[in-house]
Amino acid sequence: MSMFQIFSVSGSAVSAQSQRLNIVASNLANADTVAGPDGQAYKARQVVFQTALMGAGNDLASAGVRVSNISEDQTPGRKVHDPKHAQADAEGYVTYSNVNTVEEMVNMISASRSYQNNIEVMSTAKNLLLKTLQLGQS
Amino acid sequence: MLNRLTDSLNFQTQALSLRSERQRLLASNIANADTPGYQARDMDFASALREATAGKGIPGAMAATQSGHMAPAAGARSDSQKLYSTAAQTNLDSNSVDMDRERANFADNAVKYEATLRFISGSVRTTMDAMKSHNAS
């Protein structure tokens with residue numbers, strides 16, 4: 001019964017998208033954190049999606065998604081000259097995290113749209129299966 | 001005699017199972033809308049249905065003569081003959097899923113699945129009506 005696999009395919013996509021939303025939330029929460037005692041500020045993270053075959057016998061028709069990797073953005077953090085700050089370095093610069101809030105907001109909207117799309121796919125599949133169960137009745 | 005009753009049902013049964021297969025394919029495309037490098041796929045529904053209902057063997061199909069044999073899908077529904085879609089808009093991550101197209105196809109396929117279900121219940125009801133006693137109200 002191939003339609004039942006829609007739930008595992010879309011379910012994997014929903015969980016991957018929610019992981020992406022989670023990462024966006026931590027990036028946004030850490031948008032203004034300054035470098036810790038080790039001199040390393042928070043680095044923005046991104047999820048990397050990969051196709052995962054869900055069906056028996058690696059059937060290509062049911063391709064789900066999984067998060068294969070979480071990569072860290074290695075660009076240097078924002079530096080602000082503020083000699084009075086407690087975390088300022090010897091030259092008076094404070095290193096903030098390298099999170100780009102605009103990019104993260106766009107990422108959040110995209111993740112939420114994909115999440116909604118997959119939820120709608122699942123509810124359509126559920127309706128179709130329920131109607132198939134009623135076949136021959138009435 | 002009896003298979004004449006069920007022959008018309010057979011066609012709809014094949015159509016229904018192909019529709020559900022295509023629905024799964026479209027769900028995979030929608031699920032992978034953000035996966036880098038994923039190529040959206042679709043099946044040639046008309047030729048898959050023609051092959052499934054022609055009644056003769058599909059060229060290239062493998063026969064499963066032992067219980068341990070694999071019986072992969074053959075013809076237009078097999079993995080090798082599914083179609084790849086080209087990207088409607090250029091994409092840096094070479095993902096060719098066009099969400100508008102996939103959503104439209106998904107809705108279209110869902111409606112046609114439901115239509116096939118109604119055709120089946122309609123022909124079952126017709127058969128049942130034909131078997132009813134004339135005098136019973």
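Leaving aside its neighbours within four places in sequence, which residues is S114(A) in contact with? Keep that one in mind while you get your bearings. The model on your screen is a predicted one.

**Stop 1: S114(A)**

Select S114(A), which sits in helix α2 of chain A. This serine is buried, because its relative accessible area is 8% and the cut-off for buried is under 20%. Now for the opening question: beyond its sequence neighbours within four places, S114(A) is in contact with Q17(A) and D34(B). One of those partners is in chain A and the other in chain B, so keep both chains displayed.

**Stop 2: one helix against another in chain A**

Colour residues 5-29 of chain A, which make up helix α1, and residues 101-133 of chain A, which make up helix α2. Their axes are 9 Å apart, and the packing angle is about 160°. The two helices are therefore roughly antiparallel, since that term applies to angles over 145 degrees. The crossing of α1(A) and α2(A) is left-handed. Sort the residues of this contact by type and you get 16 nonpolar, ten polar and three charged.

**Stop 3: N118(A)**

Stay on helix α2 of chain A and click N118(A). Buried or exposed, at 1% relative accessibility? N118(A) counts as buried. Setting aside neighbours within four places in sequence, show what N118(A) is in contact with: S10(A), A13(A) and V14(A) from chain A, plus I30(B) and A31(B) from chain B.

**Stop 4: across to chain B**

Next, bring up α3 of chain B, residues 99-131. Helices α2(A) and α3(B) pack at about 10°, and their axes are 10 Å apart. That makes the pair roughly parallel, the limit for that being under 35 degrees.

To see who meets whom, select these two sets:

- On the α2(A) side: N117(A), E120(A), V121(A), T124(A), L128(A), K131(A) and T132(A).
- On the α3(B) side: M99(B), R103(B), F106(B), A110(B), Y113(B), E114(B) and L117(B).

By type, the residues of this contact split into seven nonpolar, three polar and four charged.

**Stop 5: L128(A)**

From the first set, pick L128(A), another resident of helix α2 of chain A. L128(A) counts as buried, at 2% relative accessibility. Draw a C-alpha to C-alpha distance from L128(A) to M3(A): the two are 125 residues apart in sequence but 8.9 Å apart in space. M3(A) is also one of the contacts of L128(A) outside its four-place sequence neighbourhood. The others are Q23(B), A110(B), Y113(B), E114(B) and L117(B).

**Stop 6: the nonpolar core**

Which residues touch the most other members of the largest nonpolar core? Select M3(A), I6(A), V121(A), F106(B) and Y113(B), out of 15 residues in that core. At least two core residues each come from α2 of chain A, from α1 of chain B (2-31) and from α3 of chain B. The largest share, five residues, is supplied by α3(B). For a background thought, nonpolar side chains tend to be buried together in soluble globular proteins.

Zoom in on V121(A) and show its contacts, skipping neighbours within four places in sequence. You should find I6(A) and S10(A) from chain A, along with A27(B), I30(B) and F106(B) from chain B.

**Stop 7: the short helix of chain B and what follows**

Now go to helix α2 of chain B, residues 45-53. Its buried residues are F45(B), S47(B), A48(B) and L49(B). Just past this helix, G55(B) has a positive phi of about 85°.

Carry on to I58(B), in the loop between α2 and β2 of chain B. I58(B) counts as partly exposed, at 25% relative accessibility. Its C-alpha is 6.2 Å from that of G75(B), 17 residues away in sequence. Beyond neighbours within four places, I58(B) is in contact with E51(B), A74(B) and G75(B).

**Stop 8: the loop between β2 and α3 of chain B**

Finish with two residues in this loop. N91(B) is there, and it is partly exposed at 41% relative accessibility. Draw a line from the C-alpha of N91(B) to that of R125(B): 50 Å, for 34 residues along the chain.

S94(B) lies in this loop too, partly exposed with a relative accessible area of 43%. Check its backbone: S94(B) is not a glycine, yet its phi is positive, about 50°. Most residues other than glycine have a negative phi.

Key:
Residues are numbered from 1 along each chain as its sequence is written. Chains are lettered from A and ligands numbered from 1 in the order in which they are written. This is a predicted model: local features need pLDDT of at least 70, side-chain atom pairs count only at pLDDT 80 or more; totals for chains, interfaces and linings use all residues. Side-chain values use heavy atoms; hydrogens and water are left out. Axes are lines fitted to C-alpha atoms, for helices over the stretch in contact, and angles run from 0 to 180 degrees between N-to-C directions. Helices (H or I, at least four residues) and strands (E, at least two) are DSSP runs, numbered from the N terminus. Angles under 35 degrees count as roughly parallel, over 145 as roughly antiparallel, 65 to 115 as roughly perpendicular and the rest as oblique. A crossing is left-handed if the near helix is turned anticlockwise from the far one by less than a right angle, and right-handed if clockwise. Ala, Val, Leu, Ile, Met, Phe, Trp, Tyr, Cys and Pro count as nonpolar, Asp, Glu, Lys and Arg as charged, and the others, Gly among them, as polar. A nonpolar core is a set of buried Ala, Val, Leu, Ile, Met, Phe, Trp, Tyr and Cys residues joined through side-chain atoms within 4.5 Å. Buried means under 20% relative accessible area, exposed over 50%, partly exposed in between (1.4 Å probe, protein chains only). Contact means heavy atoms within 4.5 Å.
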